[in-house]
Amino acid sequence: AGPDEANVSRLAAGYSFTCAVKTDGTPVCWGFNLNGESTIPDGTGTVTSIAAGVTHACAIKTDGTPTCWGDNTAGQTTIPGDIGTVTAITAGNTHTCAIKTGGTPVCWGGNGSNQSSIPGDLGAVTAITAGYSFTCAIRTDATVRCWGDGTYNQHIVPNDVGTVTAVSAGWYHVCAIRTDAT
């Protein structure tokens, strides 16, 4: 069972498991655990945020360094050695992405649909979200850019989206909050 909901500050739902950050910064996960996705590694300590993918999870430790656990068949929990500190992290199916302090996006793990290949002209970003096998980010000009699998047009941002304040990817879809709140 998960934590008492009164003690949760953040929540992340994976494919068959859920993770939370308690108000004291302690991470907890529960549910399916075949790949270790619900088993937080010893020494993780307190975290500021948490992300749940299909069979892996990641968190940002209080010192800003990322940590990941669970399925690593595509390298999705193997954090690049030069990543430094991050301000955001997101977990997809077999890939993980983060925003380095300073706004530079970085992705690792599965790349069969180019979901981990950051577009060369993307620039700095303020938010990033991983779908099943695609990724979207909010650029510093508040526009959305997506890349990776486009089987269901999930990586094509409609022309009328305009600028946004938040973006979230699902299995094969993306939702955003426009700056005009519509």
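A disulfide is a pair of cysteine sulfur atoms within 2.5 Å. This report applies that cut-off to a predicted model. It then turns to the sheets and the pockets.

## Disulfides

By this rule the chain has four disulfides. Counted along the chain, the bonded cysteines pair in the pattern 1-2, 3-4, 5-6, 7-8. Three of the links are set out here.

| Disulfide | S to S distance | Angle about the S-S bond | Hand |
|---|---|---|---|
| C19 and C29 | 2.0 Å | 105 degrees | right-handed |
| C97 and C107 | 2.1 Å | 105 degrees | right-handed |
| C136 and C146 | 2.0 Å | 110 degrees | right-handed |

Take C19 and C29, whose sulfur atoms sit 2.0 Å apart. C19 belongs to strand β2 and C29 to strand β3, and the pair links distant parts of the chain, ten residues apart. Buried or exposed: which is C19? C19 is buried, because its relative accessible area is 0% and the limit for buried is under 20%. C29 has 14% relative accessibility, so C29 counts as buried by that limit too.

Now C97 and C107, with sulfur atoms 2.1 Å apart. This pair also links distant parts of the chain: C97 is in strand β8 (residues 95–100), C107 in strand β9 (residues 105–109), and they are ten residues apart. C97 has a relative accessible area of 0% and is buried. C107 is buried as well, at 12%.

The disulfide of C136 and C146 has an S to S distance of 2.0 Å. C136 lies in strand β11 and C146 in strand β12, so the bond ties together parts ten residues apart in sequence. Both cysteines, C136 and C146, are buried.

Why does C175 make no bond with the closest cysteine sulfur? That sulfur is in C136, 10 Å from the sulfur of C175, which is too far for a bond. The cut-off is 2.5 Å, so the pair fails the rule.

## Sheets

Strands of a sheet pair through backbone hydrogen bonds, either parallel or antiparallel. Two sheets of this model are described below.

One is an open sheet of three strands in the order β1-β2-β3, paired antiparallel. Its edge strands are β1 and β3 (27–31), each of which pairs on one side only. Neighbouring strands of this sheet are turned by 20 degrees against each other on average, direction ignored. Strand β2 (residues 17–22) runs antiparallel to β3, and five bridges join the two. Within this pairing, A20 has V28 of β3 as its bridge partner. The disulfide of C19 and C29 links these strands, with C19 in β2 and C29 in β3.

Another open sheet has three strands in the order β10-β11-β12, again with antiparallel pairing. Here β10 and β12 are the edge strands, and each pairs on one side only. The average turn between neighbouring strands of this sheet is 20 degrees, direction ignored. Five bridges join β10 to strand β11 (residues 134–139), and the two run antiparallel. The bridge partner of A127 is I138, in β11. A disulfide links two strands here as well: C136 is in β11 and C146 in β12.

## Pockets

The largest pocket holds about 560 Å³ of space. It is lined by 31 residues, and the closest to its centre are A52, T90, A91, T129 and A130. Which elements give two or more residues to this lining? They are β1 (8–13), β4 (47–52), β7 (86–91), β10 (125–130) and β13 (164–169). By class, the lining has 18 nonpolar, twelve polar and one charged residues. Two of the contributing elements, β1 and β10, are also edge strands: β1 in the β1-β2-β3 sheet and β10 in the β10-β11-β12 sheet.

The second largest pocket holds about 200 Å³. Of its 13 lining residues, P158, V161, V174, C175 and A176 are the closest to its centre. The C175 named here is the cysteine whose sulfur lies 10 Å from that of C136. Strands β12 (144–148) and β14 (174–178) each supply at least two lining residues. Strand β14 gives the most, with four. By class, this lining has ten nonpolar, two polar and one charged residues.

Technical notes
Residues numbered from 1 in each chain as written. Predicted model: local features only at pLDDT ≥ 70, side-chain atom pairs only at ≥ 80, totals over all residues. Heavy atoms only, no water. 1 Å grid on protein atoms, 1.4 Å probe; cavity = no way out; pocket = protein on both sides within 12 Å on 5 of 7 lines; lining within 4 Å. Points joined across faces, edges and corners; volume = space filled by probe spheres on them. Nonpolar A, V, L, I, M, F, W, Y, C, P; charged D, E, K, R; others polar. Pairing = 2+ DSSP bridges. Axes fitted to C-alpha atoms, helices over the stretch in contact; angles between N-to-C directions. Buried < 20%, exposed > 50% of the residue type's maximum accessible area, 1.4 Å probe, protein only.
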